[in-house]
Amino acid sequence: MTYIQKGQFEFRPCKLSDVDHLVDKLRLSDVRECALVGASPEMALAVPFLEEGAKGFTITHKGKPIAMCGVTPLDEMMHVGKIWFLGTDMIDKHWLFIFKHSKLILSFLKIDYDFVENYVPQDQIKTIKWLESMGFSKENDPYYFNSTPFIKLFYCNLDNFEQRISKSRPTMH
């Protein structure tokens with residue numbers, strides 16, 4: 001099943017074979033980020049297949065995976081999810097397509113959540129700016145993990161929140 005098909009690009013649910021294709025081709029910045037939080041690239045890419053409630057998607061170019069992204073539930077009661085994105089150097093080569101369709105891709109990731117968040121190494125300025133351009137907010141004070149500063153970025157899905165709240169309100173007669 002394909003959710004988005006634009007020219008040579010496709011956005012679809014991920015397959016386990018996508019992990020094998022991507023694991024040795026990830027951008028150095030993504031491999032570094034995995035290492036900073038104590039995860040191997042293979043472990044990070046396998047999250048949609050291992051963690052209950054996690055969803056994962058793959059972006060392909062000419063039928064070959066160039067990135068995976070997804071969201072993992074952090075707090076089901078509060079409807080908070082951890083959002084993530086790992087890609088190959090092809091992402092940088094085709095940045096305009098990714099940038100142009102980021103909000104549409106985000107709509108698939110945020111659909112079940114009131115808030116999605118992640119922590120990005122503070123020196124990943126390009127990633128932070130990209131997320132801010134999509135409507136993410138950032139906290140100014142860094143969080144430290146193994147002495148490395150990370151910035152928390154979060155997105156408030158007000159549409160989902162308002163729909164859920166309006167369904168739970170009693171009807172007045």
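Buried, in what follows, means under 20% relative accessible area. One caveat before we start: this is a predicted model.

**Exercise 1.** Work out why strand β6 is largely enclosed by the rest of the structure, then find its pairing partners.

*Solution.*
- Step 1: pick out the strand, which runs over residues 115–121.
- Step 2: count burial. Of its 7 residues, 5 are buried, so β6 is largely enclosed by the rest of the structure.
- Step 3: look at strand β5, residues 80–87. β5 and β6 pair in the parallel sense, over 3 bridges. Here Val80 sits opposite Phe115 of β6.
- Step 4: look at strand β9, residues 148–156. This pairing with β6 is antiparallel and has 7 bridges. In it, Asn118 has Leu153 of β9 as its bridge partner.

**Exercise 2.** How many disulfides does the model have? Check Cys69 and Cys156 along the way.

*Solution.*
- Step 1: grab the cut-off. A disulfide needs two cysteine sulfur atoms within 2.5 Å.
- Step 2: try Cys69. The closest cysteine sulfur belongs to Cys14 and lies 8.6 Å away, so that's too far for a bond.
- Step 3: try Cys156. Its closest cysteine sulfur is in Cys69, at 20 Å, so again it's too far for a bond.
- Step 4: write down the total, which is 0 disulfides.

**Exercise 3.** Are Cys69 and Cys156 buried or partly exposed?

*Solution.*
- Step 1: Cys69 has 1% relative accessibility, so it counts as buried.
- Step 2: Cys156 has a relative accessible area of 32%, so Cys156 is partly exposed.

Terms used:
Residues are numbered from 1 along each chain as its sequence is written. This is a predicted model: local features need pLDDT of at least 70, side-chain atom pairs count only at pLDDT 80 or more; totals for chains, interfaces and linings use all residues. Side-chain values use heavy atoms; hydrogens and water are left out. Buried means under 20% relative accessible area, exposed over 50%, partly exposed in between (1.4 Å probe, protein chains only). Helices (H or I, at least four residues) and strands (E, at least two) are DSSP runs, numbered from the N terminus. Two strands pair if DSSP finds at least two bridges between them.
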